[in-house]
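This report introduces a structure to a reader who has not met it before. Please keep the sequence and the model in view while reading.

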There are 2 protein chains.
Amino acid sequence: MSAPLATPLEIVRTRSLASLVAQEIEGLILSGQIAPGERLNEQALAARLGVSRGPVREAVRGLERSGLVVAVVNQGSYVRTMRVEEALQVFDIRVALTGHAAASVAARATPALLAPLERIMRDLTAAERADDAATYYALNLEFHAALFELAANPRAAQLYDGLGKELHLFRRRALLQPENMRQSNAEHAAILQALRDGDVAAARAAGEHHIVGGRARFAASHPSDQSRPQQVAGGESDARRKSGLPPG
Amino acid sequence: MSAPLATPLEIVRTRSLASLVAQEIEGLILSGQIAPGERLNEQALAARLGVSRGPVREAVRGLERSGLVVAVVNQGSYVRTMRVEEALQVFDIRVALTGHAAASVAARATPALLAPLERIMRDLTAAERADDAATYYALNLEFHAALFELAANPRAAQLYDGLGKELHLFRRRALLQPENMRQSNAEHAAILQALRDGDVAAARAAGEHHIVGGRARFAASHPSDQSRPQQVAGGESDARRKSGLPPG
DNA sequence: AGCTTGTCAACTGTCGACAGTTGGCATCAT
DNA sequence: ATGATGCCAACTGTCGACAGTTGACAAGCT
């Protein structure tokens with residue numbers, strides 16, 4: 001566990017260390033290597049990445065703004081824990097975004113315009129048939145990105161992306177099950193069809209429905225969780241406090 | 001201009017300096033005291049606020065994540081300049097958010113639930129009649145906040161707020177003209193009526209229309225601006241570079 | 001025993017300093 | 001004159017150090 005990280009940290013110096021560190025930490029969080037609720041030990045992080053605490057602090061501040069991390073004064077920063085309720089709100093926002101984007105694309109859809117989506121749809125279906133969850137997952141991301149791109153709204157795409165990251169704060173269970181994959185892809189097909197038809201209302205409905213479906217699947221697989229401590233409830237033991245860097 | 005800032009900086013120490021500084025800088029940007037495209041001189045800022053550069057840097061990093069600031073390595077951070085096109089995208093997102101929220105509220109509206117909105121609506125109309133733009137502006141914010149609250153989606157409210165801040169990167173001209181005020185309030189009324197009726201589709205349409213109207217007013221009052229330099233185009237003179245702190 | 005109080009180690013918050021980079025300006029050659 | 005070249009000041013990026021705070025643990029009191 002000495003230094004298994006061959007990250008770009010050592011490589012490019014065209015970006016500030018802080019930005020690299022931010023990217024690095026974000027990766028650790030999203031990949032689950034640092035779990036929600038867990039503390040970010042600045043010193044340990046700095047040592048692990050081979051930089052001083054300055055850049056680490058700057059990075060953490062950025063992450064804080066973007067909602068992945070919460071800071072407590074004189075105590076430290078913790079990976080944000082999300083209550084189911086909050087996650088559902090985020091889903092709702094994605095519903096609105098996706099429905100709007102779909103409607104917007106439908107309003108001026110042409111076969112040429114839809115070409116990228118058609119391509120992704122084909123690949124998506126192939127992945128579904130092959131039960132290739134990993135590929136499907138990646139293509140799914142592409143599908144949504146393409147939708148926002150067609151809607152000529154990169155800002156919305158970026159936002160959608162960020163919200164997706166927040167959602168990663170939950171263990172992504174039940175996301176890649178074959179059954180869900182089939183369901184999800186049927187929804188993709190519905191969106192695309194509405195787009196082809198240039199049917200604004202249908203496109204919006206299909207777009208919304210797709211995310212609502214995801215939301216429902218999420219809600220179904222998560223208990224109401226009233227028990228979860230708001231956020232770093234007082235009871236953090238020192239043992240926990242020390243555990244900035246888990247097994248690694 | 002020695003130390004005219006009686007900001008909370010000196011007062012509360014229950015929050016970290018960095019967060020106070022971030023708030024301070026954000027205020028300077030949103031109030032236009034630091035104009036879009038202008039450079040943020042860390043040293044000057046630190047001196048002005050009476051802290052060292054550390055907290056200032058952390059604050060700027062946060063602002064960077066939230067989109068108010070862009071950083072260039074080894075050169076500095078600049079208040080973000082927004083192209084009209086980007087602003088329109090942001091408007092679009094607000095359209096989606098507002099429409100969705102209105103629809104969501106309409107779906108389960110009751111007189112009791114709508115009470116807060118009714119109250120704000122009354123005040124709004126009073127402000128409109130009195131041509132009290134400042135009050136109207138504040139109440140308008142309240143109206144939207146209340147809408148999202150009723151939609152049980154504080155996350156969306158927060159997001160809407162943040163997007164509003166980004167929009168402040170544009171001089172807010174044409175926002176508080178009497179004519180617009182009347183128009184805007186008529187739209188508020190339409191939303192509320194649809195909510196009372198529990199008409200989901202109408203509520204969504206009214207909600208969207210309200211923002212689309214704002215968007216249109218914005219677009220009308222802004223040239224297409226292809227001329228605007230992408231962002232800190234190479235030509236920053238040193239004179240400009242030095243002008244971190246303008247007149248003050 | 002249970003509760004209070006004092007002590008301690010681990011961190012965070014903040015600062016000051018140093019090195020590296022950038023762009024501008026003056027100088028020099030063509 | 002015009003363009004290339006070298007120097008210089010102003011900053012940013014990064015680091016190491018110090019002070020203050022927090023929570024835990026142990027000793028002492030009721």
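## Basis of the description

Helices and strands are taken here as DSSP runs, with at least four residues for a helix and at least two for a strand, and they are numbered from the N terminus. By this definition, B:His210 belongs to helix α9 (residues 200-220) of chain B. The model is predicted.

## Composition of chain A

Chain A contains 10 helices and 3 strands. Along the sequence, these elements of chain A occur in the pattern α-β-α-α-β-β-α-α-α-α-α-α-α.

Chain A has 248 residues, of which 48% count as buried. When contacts in chain A between residues at least 6 apart in sequence are considered, 75% of them join residues at least 24 apart.

## The surface near DNA strand C

DNA strand C is surrounded by 24 residues, and the closest are A:Arg39, A:Arg53, A:Arg57, B:Leu17 and B:Ser52. Of the atoms of DNA strand C that come within 4 Å of the protein, 78% belong to sugar and phosphate. By class, this surface near DNA strand C comprises 6 nonpolar, 10 polar and 8 charged residues.

Both chains place polar atoms beside phosphate oxygens of DNA strand C. In chain A, a polar side-chain atom of A:Arg57 lies 2.6 Å from a phosphate oxygen of the strand. In chain B, polar backbone atoms take this position: one of B:Leu17 is 2.8 Å from a phosphate oxygen of DNA strand C, and one of B:Ser52 is 2.7 Å from a phosphate oxygen of DNA strand C. The elements that contribute two or more residues to the surface near DNA strand C are β1 (39-40), α2 (42-49) and α3 (53-65) of chain A, along with α1 (17-30) and α3 (53-65) of chain B.

## The sheet of chain B

In chain B, 3 strands make up an open sheet with antiparallel pairing, in the order β1-β3-β2. Strands β1 (39-40) and β2 (69-72) of chain B are at the edges and have a single partner strand each, so one side of each has no neighbour in the sheet.

Strand β2(B) is joined by 4 bridges to β3 (residues 76-79) of chain B, and the two run antiparallel. In this pairing, B:Val70 is opposite B:Tyr78 of β3(B). Helix α3(B) lies across β1, β2 and β3 of chain B, at about 115° to β2(B).

## Two loop residues with positive phi

Most residues other than glycine have a negative phi. Which loops hold the two residues described here, A:Asp131 and B:Asn74? A:Asp131 is placed in the loop between α5 (111-129) and α6 (133-150) of chain A, while B:Asn74 is in the loop between β2 and β3 of chain B.

A:Asp131 has a positive phi, near 55°, and B:Asn74 has a positive phi near 60°. With a relative accessible area of 44%, A:Asp131 is partly exposed, whereas B:Asn74 is exposed, with a relative accessible area of 84%.

## The surroundings of B:His210

Is B:His210 of helix α9 buried or exposed? Its relative accessible area is 7%, and because buried means under 20%, B:His210 counts as buried.

Leaving aside residues up to four places away in sequence, B:His210 touches B:Asn140, B:His144, B:Ser184, B:Glu187, B:His188, B:Ile191 and B:Arg217. With one of these residues, B:His188, the side chain of B:His210 makes a polar contact of 3.1 Å, side chain to side chain.

Methods: Residues numbered from 1 in each chain as written. Chains lettered and ligands numbered in written order. Predicted model: local features only at pLDDT ≥ 70, side-chain atom pairs only at ≥ 80, totals over all residues. Heavy atoms only, no water. Near = heavy atom within 4 Å. Polar contact = N/O pair within 3.5 Å; in protein donor to acceptor, adjacent residues only side chain to side chain. Nonpolar A, V, L, I, M, F, W, Y, C, P; charged D, E, K, R; others polar. Pairing = 2+ DSSP bridges. Contact = heavy atoms within 4.5 Å. Axes fitted to C-alpha atoms, helices over the stretch in contact; angles between N-to-C directions. Buried < 20%, exposed > 50% of the residue type's maximum accessible area, 1.4 Å probe, protein only.
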